[in-house]
Structures are given as C-alpha cells and as structure tokens.
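Me: I'm new to this one and would like a close look at a single part of it: the bends and strands towards the end of the chain. Tell me where they sit, and what else I'd run into around the rest of the structure.

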Amino acid sequence: MDDLLDQRPARRMRLGTKSCAECRRRKVRCVFPPNSSVCHGCSLHQTPCRAQQPRSRDSGRLGQAQVDALLQSQSQSQSVSQLVADNTALRRRVAELEGLIGSICDALEPGGDDSSVSLSTSGGASAAGSASTLASTVTIPDINTRAIHVIQNLKNHGLLQQETTPHYNFGTSLTNPNMLLPSDPASSLLSPGSLDQDTTSTPSDYADKTVSAVDAPLVNLFRDALLIRETEGELYDDPEDPSMIYLMKESIGTFRPPIPDAETLRLILEDSNLYWPIWPTYYFGPELSNTMHTTSVDTAEAYITQILNYSRGPEFCTAILFLTLCIQQLPRHWKRVIISPDISRQVLIDAYIRFACVLLSVEGEESIHTVQCYLLLHKILINMGRPQRAWVAIRHALSAATVIGLDRLDAGASFQRKSLWAQTWQLERQLCMMLGFPSAITPLGAKDDATMIQLLNPTQRILRRVCVVMGRVIERNQNSDTASYAATVQLDQDMEELKKDFPPDWSEPYGPNDTMYSIYFQEAVKIFYYSTIKHIHLPYMLKAKFDRRYEHSLLSTMDACRELIKVYLRLRGSAKSEFIQCEIMDFQIFSSAITLILGILSGAAAGDGSLSAVSYHAEDWQLVDRLIGELRKTNSLLECTVAKQSAEVLETLTAASFGTYNAQKDFTLVVPYFGRLRIRQGGRQDTNGNSIANISNSQITSAITSPSGASSVALSSLPPKQIPGDPYYLPESTNTIEFSSNDFLNTTFTDFDFQMDLSQDWYTIVDTGAQYDWNQVFNSNNIMELR
C-alpha cells in the first residue's frame, strides 16, 4: 500500500499562485518589482527568494523521523551569515529611524534629550518587549517618552492640530484659521523656546491616561517601521507600504502652525512692502525670473497664497519664512490681530521658524529654494539678535550652495545663481568676523567674475571689497599666535584705499529723494566698513599705553567707534529708516560705545591720566549720551531687548566713569562677544596714601555741555575741599571699573543660552572658568592699573 502511495503524483498547486515560499511562510503579500526575480519582501529582509514547491499528498502523514530530517535540512539551508545579515539590517533600520525621529524632536524642542518628565509608557514597554528579539539595543520606551512629551506640549500650547488623520494641506488655515487655534484661552500658544518650562504644568500632568503612543504620529511611525502590530505586538510587513521618509513627510503637516487669513495676509504684505528691498533677494516664478522686491503686492499675494495652499518642501519654507520677515517688520502696535489675541507676534514667529526647520530637515534637498530658505532664516535671526543661530543657518545655505555648484559657476551662469552665491559668502564672513569664528570661504570662493562685478552698483561693489578684507582679518585672528603687526598695518592701508571710493554724497545730509532703501544700504555699508577697521586694530589698542608702536591702533579703533555711532545716529534719526528691525546692528554699535569708553578711560589719547582726559573727550561723552537716547527710542518703537539692555549698561558705565554710580552691590556683567565688566564700590588712594578725588556732578555737566578745554581744565584744577558745605567740595572716589576680555574676542561663557543669544538677560551669563588675555582696572579719575 505504501508503494502505491509513493507512486502517486504530487498534489497540484492552486491556479494563480505567484507568491514565493518565504512570503507564503510569513503569510504576507508577495510583490515582485518590474523586471526583478526577487520580491520586495525577500529583498528587504535579505532572504533567498524561492518559488513554492508542490506538496506531496502524504505530506501531512510524515513520520517523526522525516519531520526531523526536514527541519534539519531547512535549518542548514539558512546559513549563519544570513542570520547575521538579517540582524544587521534590522539594527541599521532601527538606528536610522531613531535618528530621524530624534532630529524632529530636537527641532521641535531643542535640548529635549535631558528631559526628565515621567510618563506612562506601558504601551511602549510592551512594544519594546515584542521587538527585543529583533534588536536588543532598541530603546523604544525612551523614544515613546520623548515623542509623547513633545506631542503633548505642542497640543497644550496650540501648535498641533487636533486631527486624527494627518495630512499635508497647507491652505486650510487661509480660509478657516480658527480650526488651528485652541478653544481654551488657557491653552494658547506659549513661546516654543519655553515649552519645557511651563510653570502651570507638573510632570504628573503629562502622564494623562489619554496620552499614549496612539496620539503620537511620530511613535506610530516608529512602530510601523519596526514592523510591530498595535494589537498583538507581532511583526508584520507590507511590501507596498511607502518608505519611512515618505511617511514622515506626510506626518509633518500635523505640526503646521496657524497662518493668517486672506485679508490679514494682504494687510501684512502691504505694510511691509517698503522693507522688501533690504532683505535677501527672493527669486520666484519660472526659471526664478522674478524678484519679490520688484513685483507688486497683488502678484506677491497671489504667489504666496498659492504656495501656502498647494506647495510643499523648500518652496513652502521660503514662502513662510518671507511671511515671517513681513510679520517681524510690522510696527510694534499694529492695527490688526494677526492670528489671535492669545498668540503674540514673537510666539508666532518662533513657531514659523521651528516648523520651517523641521520641514527642511525632512524635505530639504539641496536646491536654489533651499539656499533662499536659509538666507531668509539668517535675516530673521539677525533681526532677533541671535547671531550664532544665524551663523548655523548661513552655514547650511553655504553647504547647499556648494552642493549645487554655486561656488564654481562659469561666466555663462545666470545672474540669479551668481547673486545667491555672492549673498551667501558675504553674509558668512560678516558673522564670522563678529563671532570670532573661522570662515569656510576660500579666497577663490570669494572671487566673482568680471561680468558679475559690472552688474553691481557702487554700494554693492564697496561692500564686496569690504567682505574680501574681512576674510583676511578672520584669517589673521584665527592664526593669532603667528600674526605680525605688519599684517595689521597692511590691512589698514587697504581699507584707507577702499575709502577713497566712497561717493561724496555719503557725508551729506539726506535729501528728499533719498528712499529708505538707499539710506539703509548706504549706512549699512559704512557700518561694515568701520566695524572691519575696529576689528583690525582692536587686538592692539590696549597695548598702546605701554608700547607707543601701537598708538596708531588705539587712535584708529576709537575713530572707527566714533564713526560707527555717528552712522547709527544718522540711520535711526531719519524718519524713513527708524523702524528698521535689526538687533545685531544695535549690539554692534553698543559694543563700539563700550570700546570707545574703554579708550577714553585709558587716558592714552590725552597723553596722561589726569582729570583733563574728561574734557579732551567731551564730544565723545556727548556722542555716547546721544546714543543712549537713540537706543531707548528704538526700544520704544520696536520693542528691542538688545537696545534696552545696551542703554542700561551704557548709562551705568557712564555714571561709574564720572564717579556717580551708587548702588548697594557691585555691578558685574558679562557682555556677549566682548568680555566682563565689573564696577566696584570703595575708595582708592594714591601712592602717598591720600584719597583720590572724584569728579562732581557739576563737573560732568560742564565737561559734556562745554567741550572747550578751558572750562573743564579750570574746574579740574580746583583743589579738592574737605568740607561738604564748601561749593567746591569734591567727594572721595567711590567707583572702580574693571574690564576683562581677549585680544581677538573669542571668549566662550558658561550658562550661555545659544537659542536666545543676545536677547537673553545678560546678567544671567556666567564667565566661570573663562580665560582672559588682559584684565585692566580704572578708577573714576581715569587712572589705570595693569594687572
């Protein structure tokens, strides 16, 4: 009977059977790509793809010995190397997905790695237990915890749409923006920078039972990528699923911030249209043939509306960042609510920036639009007083421009590409010189062709030449150990030659035909010019007191600082340009005033350290006083944190310089990108043990209002009186001013908030462990000691 059974033909397979043996065993769909002999599932798991074999009729009645032999043959067919390859592929895939999810969490909540929020992660723990056989190193609970924390914060603060199905339709808010806003005013938008600092919530609030991996699209994405089923925790795979990048792109739309309605958008564009020419050039349209600052408001509105409704990726980012610049430039008390009374302008700007960064990290393939995105982002951060983040943005623009070949264009390349590259390398050098960072631009990269230079106007040509010199200053500062003073002298001579090309009308008052655009670029180029001279000579200015070889550097630095303040006063004093937002510019002028006061206190320019130094620099003190008033006006018009803090510090330093500063505690402040300023209480004595006289308030007024030397010298020559009732009584010195810094301004500080940068509270910056090249002390009589 057994012989007859063995002679029977094998059991026929079902008609239409096309799946391979492996997909049959795993009970999943088997899909073969076109012109491929390996199915998608076997290719993904790196397993042999074999066709199914007909089963024998008595396959169900195999004996135990036959079953053991069959299992042994199957186990031998799958080699150890194949198992290792499978595990390696899974681990690589897990690591890639962890990195993608972590990058999004970092963009949404910087510094979230050290979050200690306690959440309920039972669902994540079970998923991790199911996946432990795949990769023992996968820490799914950590990913779940962080993603749930981010999602819950975004929901609490109105930055996350309450939708069950994520989609990527950016135009909904233009017709119905209320759907994106929280119904409860208490859950209105907070600053994204303070999402993890919400004082109204406690860690237990985040452990709401309604919060689970189901509410977090990032966690769902991660679980899907790990091939984990939600119900049973078992593995699954669908060869027709899109790639993980595609899923992430589709889920990004969930984090979209609210966008103004059509009427508000129109008003924003109309009221900011005046400032478009001073921003980075925004090319759009076919072949990037149109520029935003030369088009009409109607065309701009139609284009931006279309992009916000139907576009995505870098093109969408460019439009939303341009809208961010428009909102940023609006007057402090604008006539209309942009989104909601509960959402402040700065919170909305931060939300736009954060969303654009997330979108660029996922869809930011290198292109012209990507370069434009980062140039616009750089300008936004510059206006906000965040130079280090702006430097990161311009480095991203530089990388994208290099990848697409903008740094090596031929003579026949389009003007748009040449212009974008010129803007990129010039902005990079400007920030590197200010921050003391090395530049990534080589002299060859800063060499524009002759056809490009001919298309530039005189102002643009001067700015380009200044940026070329900036590169040499940066190179000298980065090699300070081997830098010679001869290099500084050569740089100074080159800048003097460049100044000869300044148009004559730059020193004349503004005319009625001067526009805001012409005024801004004229003064901006002069600011860059004199800032470069200041950075050329600043490392040597304090050495002039003891080495007369460097006296030229002292005088040149002080002259540059005076010119910078005058340029700023001209710019801010004009009704056409007083509303221009740029907190970096406010800080540069403030640091110039600090440097000027430092030069005054050294007394080297007057030839001695006597009281006559005050009269010698009476016009300088007037200049500083006018600057303080202009900074306070700028803060009242534009709500500038940098301008406000700068005015307060200059007032304190001026009072201490004249001996009128009086407070319960010593004044200590770390000035970003400069050094430490400390004002101490307590009298000083000369070498004979006598008290050093101070300058009275009447002398301060006389010195500032009467710049002539005779009046001040007469007051300063009066002998100090010891009777308080005497009209010529001079009190004892009570103030000691101490400056500490580095020659090349490359100091790093602890507890420095790089996200807020200059807009943070300067009094919270700590310089513990900072190494300074020099530390000099002045008393209120301008007598200097060198420590």
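**Two odd bends, a hairpin and a core**

Reply: Start at E639, which you'll find in the loop between helix α25 (618-638) and helix α26 (641-657). (Helices, H or I of at least four residues, and strands, E of at least two, are DSSP runs numbered from the N terminus.) What stands out here is the backbone: E639 isn't a glycine, yet its phi is positive, near 55°. Before going on, note that this is a predicted model, where local features need pLDDT of at least 70 and side-chain atom pairs count only at pLDDT 80 or more, while totals for chains, interfaces and linings use all residues. Numbering starts from 1 along each chain as its sequence is written, and side-chain values use heavy atoms, without hydrogens or water.

Now move along to Y673, which shows a similar quirk. Y673 is no glycine either, but has a positive phi of about 60°. You'll see Y673 in the loop between β3 and β4. Is Y673 buried or exposed? Y673 is buried, with a relative accessible area of 12% (buried is under 20%, exposed over 50%, partly exposed in between, with a 1.4 Å probe and protein chains only).

The strands on either side of Y673 make up a hairpin, with 3 residues between β3 and β4. Strand β3 covers residues 667-671, strand β4 covers residues 675-681, and the two run antiparallel, joined by 5 bridges. (Pairing takes at least two DSSP bridges.) Look just before the turn and you'll find V671, which stands opposite G675 in β4.

β4 has a partner besides β3. What does β4 pair with further along the chain? Strand β5, residues 735-741, pairs with β4, again in the antiparallel sense, and 7 bridges hold this pairing. If you want a spot to check by eye, go to Q681: its bridge partner is N735 in β5. So β4 can be followed with β3 through V671 and G675, and with β5 through Q681 and N735.

From β5 you can step into the middle of things. F739, a residue within the 735-741 stretch of β5, is among the members of the largest nonpolar core that touch the most other members, along with M292, F322, F587 and L650. That core holds 178 residues (buried Ala, Val, Leu, Ile, Met, Phe, Trp, Tyr and Cys joined through side-chain atoms within 4.5 Å). Helix α21, residues 516-541, gives the core its largest share, 13 residues. Apart from this core lies another one, made of 6 residues, including C20, C23, C30 and C42.

M292 deserves a click of its own. Leaving out residues up to four places away in sequence, M292 touches W276, Y282, F284, A300, Y303, I304 and F322 (contact means heavy atoms within 4.5 Å). F322, you may remember, is on that list of core members that touch the most others, just as M292 is.

Finally, zoom out. The protein has 28 helices and 7 strands, and of its 787 residues, 50% count as buried. Take contacts between residues at least 6 apart in sequence: 75% of them join residues at least 24 apart.
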